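Colleague: Pick one part of this model and go through it closely for me, residue by residue. After that, carry on to whatever else is worth a look at the bench.

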Amino acid sequence: MVASGVTGRTRPTKVKKQANVQKRKRDDVDVEKLDEAVGELDPKNGSYKDFTDLPLSDPTKQGLKSSHFAVMTDVQAKAIPLALKGHDILGAAKTGSGKTLSFLIPVLENLYRLQHVGTDAGLGALILAPTRELAIQIFDVLCKIGKHGHMFAAGLLIGGKSLESERQALVRMNIVVATPGRMLQHLSQTAAFSVDDLKMLVLDEADRILDMGFQRDVDAIIEYLPKERQTLLFSATQSRKVSDLARLSLQDPEYVSVHAEDKSATPKGLTQNYIVCPLEEKLDTLWSFIQASKKSKILCFFSSAKVVRFVYESFRHMQPGIPLLHIHGRQKQGARLDTTAKFSASKNSCLFATDVAARGLDFPAVDFVIQVDCPDDVDTYIHRVGRTARYNREGRGVLFLAPTEEEGMLKRLEAKKVPVEVINVRQKKRQSIKEQLQNMCFKDPALKYLGQKAFMTHVKSIYLQKDKEVFKLKEYDLEAYAASLGLPGTPRIKFMKGDDTKQRKQASRQTIEVSDASETDDESTKQTKTVRTKYDRMFERQNQDVLADHYKKLVRDGSEEGVSASANDFTGDGAAAAGDDDDFMAIKRRIPADSDGDDDEDFGATADADGSAVPGGRLVRLAGASQPIVIDSNRREKLLKSKKKLLQFMDKGKRLVYDDDGNPHEVYELENEADFRARGLPEEQRKKFIEAARQVVEEADVDDKAAAKAKRKEKIQKRKEKERAKAEGGDGGAEVEDGGEDPLANFIADAESSGEEEEVAVEKPKEKKQKKWFQSDSEDDDHNSKKRKKSKTARQVVEQPETLEDMEALAAGLLG
Ligand code: ADP
Ligand code: MG
């Protein structure tokens, strides 16, 4: 087969052409024999074990041999004979069980026997896959098997390239692997693209392709295809919906569901666990898990592209010690391909992904699949977790469930025969990264923005979930979740507007009640104010839009004025309390001009304030301020007592610099032009200045270097002394805790802790290290405190003696 991506097949040279003609003749003989043998196949007798037991063409046999495929998997043994005989097939088999070959071999063979080859033959087989990555993977397998003598032109239509370049190659193609969207585009726009003679249609991950997301495209594609054809549907989670089968006009389809009788719907080698973990602790847990599994290949699933990006960007900044990758649907094609290739090739790395990577992808040797965000449904769970434990390999899946999701999801999993066991994370091993995230979000507005987006999309995804028994939006602690992402506040969510506004209304009513109630509440507000850190205030400032800032300011002023407002009320002023915020309105009803007599004494403290009456208040002139300020409320009067607050009304002084003789100068003083010219050409003056400056710098440099050298010497000396003292003090220094624990142990620990604890601890001396994961927290404490004591005694001796007592202690230590 000649397969060359989207460019179609390359034209063979003349010499090759002759060879091909000979081959074709041989093939003709071949074909008759093969047809006969296929006719004699008995798909139901189940005696076919190896690929060589089947009547396959030489090129296919050769391809399988060179790829080291010898023994068929269950699904292959059942599906291939049926498909060779031309049946429509509905194939269901677990993830990683070899479904790809189950349809690729029949495609190659059936077209081969039909001699559906060459430019004029047109499209013979169309294979649809839900994602580009999967289409590429299928195409790769097709090339691998088909390149040993098959003459088909095969192509890949997944978008990302210009329609025009694909168009030219398309006309000649015999087998196409495509995503539905791109296929439809060509069918409707490429005139010369004929599918009238299509013999086979294959849907990999059929249930996904037939679901809502692709419905429109797939229905339109089917409209173009001839009704007389063979249709093969494969998936790990096959639907048997009559409506789907009718849509595809399947004719007496054969159901091939090899694992239907199995106890579980997931592969044998797969260990499946779940952790109950509130939304706000997910990132802590994930981080800790990654830290404990740096030598593994990990695939983590999240609900949306934004969450993937945020977690990827933030974890990357925290230097996790394992290569991080990320993939989601919003990336460019090149980046996505790069990522899949890198992850496939890597031995240990961690890939953060959305469900674009959930289906079909065959990454070799994935150790863990972590579902950080709960999957939409059990089928998604099965596909995600199926990225590990493929083709008789082992693997482990860990599902993070929020406490509110646990019951519902477990029920669903059980109903679909997915066995999961709960495990607990050792609290001691769980690091909190909340503060680090907060710091990063604070320093980097872009990351904070990503975090906000991640929060919104995740909450939105929960909101949009169909299964309300599992996803109960109201029961998640969204504020804590926002905080756990490092966000300064909980972003407001538009689609929750209804509830939100109601809450806000209630909240404002509450605050009104509180401020009206009594002064005791002021204390509580004061208390909360004192707890607020500098960062909180800075966040508040950074994170507000213009309106909100303004609003904040009003509220802040308002609350301070609350007391004076009510005071006004009591004095029978009659003004509405609400009007107090606004200076323009307030002036009309503020302190009368003649009331300043008493107060002036109070102001004496400020010494330089002198007042004069104006309508609605009085003017006070401050020394150092060119403009008088209006005092029209008690609060403003109080303000006069604080020098610090008055500073803002002072004029800004002129900045002066002082020379060595103490004479003041302005920062920039312009020299008289004539004087300047008299000193020579500007260029020469510049050179002179630079020369002089260089000399000064050089001199300073010599001194600095000498000082630095001396310091370094001293340091080395000190270190040597310390080391010597340490050596003499024995080897009792604190050990550094070993970081190379087995990640599995961490997660198995609690699941199996019930009875096997001692057994594990005794088994091998090597296990001793692991024991840390199994030990109870109190044991750990004992151990650590012992260590601490040990190191303390060591340090006592090491420390430099300073006082006589120190010397005595040192001498005593040395003497034994
Ligand atoms: P599925 O589509 O069922 O999830 P794949 O077709 O992707 O599974 O196959 C899973 C893995 O098993 C692939 O790496 C593939 O190379 C391997 N595989 C498939 N069939 C065989 C076979 N007969 N012998 C050995 N390995 C196989
Ligand atoms: Mg597959």
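Modeller: H68 sits in the loop between α2 (58–66) and α3 (74–84), where helices are DSSP runs of H or I with at least four residues, strands are runs of E with at least two, and both are numbered from the N terminus. Bear in mind that this is a predicted model, in which local features need pLDDT of at least 70 and side-chain atom pairs count only at pLDDT 80 or more, while totals for chains, interfaces and linings use all residues. Residues are numbered from 1 along each chain as its sequence is written, chains are lettered from A and ligands numbered from 1 in the order written, and side-chain values use heavy atoms, leaving out hydrogens and water.

What makes H68 stand out is its backbone: phi is positive, about 65 degrees, even though the residue is not a glycine. Is H68 buried or exposed? H68 is exposed, because its relative accessible area is 70% (over 50% is exposed, under 20% buried, partly exposed in between, with a 1.4 Å probe and protein chains only).

The UniProt record, an unreviewed entry, puts "domain: DEAD-box RNA helicase Q" at residues 49–77; such annotations may be inferred rather than shown by experiment, and the positions follow the numbering used here. Along residues 49–77 the chain is 45% helix and 0% strand. The C-alpha atoms at the two ends of residues 49–77 are 6 Å apart.

Q319 also has a positive phi without being glycine, this time near 50 degrees. Look for Q319 in the loop between α12 (305–317) and β11 (324–327). Q319 counts as exposed because its relative accessible area is 67%.

Now for helix α6, residues 163–170, which holds E166 and Q168. Which of them is buried and which exposed? E166 is buried because its relative accessibility is 1%, whereas Q168 is exposed because its relative accessible area is 55%. As for distances, the C-alpha atoms of E166 and H186 are 8.8 Å apart, with those positions 20 residues apart along the chain. For Q168 and F193, 25 residues apart in the chain, the C-alpha separation is 9.3 Å.

On to the charged pairs. How many salt bridges does the structure hold? There are 27, counting any Lys or Arg side-chain nitrogen within 4 Å of an Asp or Glu carboxyl oxygen. One of them joins K94 to D262, with the closest N and O atoms 2.9 Å apart. That pair links distant parts of the chain, 168 residues apart: K94 is in the loop between β2 (89–92) and α4 (99–113), and D262 in the loop between β8 (254–257) and β9 (270–276). K94 is buried because its relative accessibility is 9%, while D262, at 26%, counts as partly exposed.

D219 and R247 form another salt bridge, the closest N and O atoms again lying 2.9 Å from each other. Distant parts of the chain are linked here too, with D219 in helix α9 (residues 215–224) and R247 in helix α10 (residues 242–247), 28 residues apart. D219 counts as partly exposed because its relative accessibility is 28%.

Then there's D284 with R430, whose closest N and O atoms are 4.0 Å apart. D284 lies in helix α11 (residues 282–292) and R430 in the loop between β15 (421–422) and α16 (434–443), so this salt bridge ties together parts that are 146 residues apart in sequence. D284 is buried because its relative accessible area is 7%. Elsewhere, K411, R412, D467 and E469 are joined into one network by salt bridges that share partners.

Finally, the surface. V657, V667 and Y668 make a nonpolar patch of about 320 Å². Patches take residues with over 30% relative accessible area and no salt bridge, joining like charges within 9 Å and nonpolar side chains (Val, Leu, Ile, Met, Phe, Trp, Tyr) within 5 Å; areas are Shrake-Rupley values with a 1.4 Å probe. V657 belongs to strand β19 (residues 656–658) and counts as partly exposed because its relative accessibility is 33%.

A negative patch is formed by E698, E699, D703 and D704 (Asp and Glu count as negative, placed at CG and CD respectively). E699 is in helix α28 (residues 682–728), and E699 counts as exposed because its relative accessibility is 55%.
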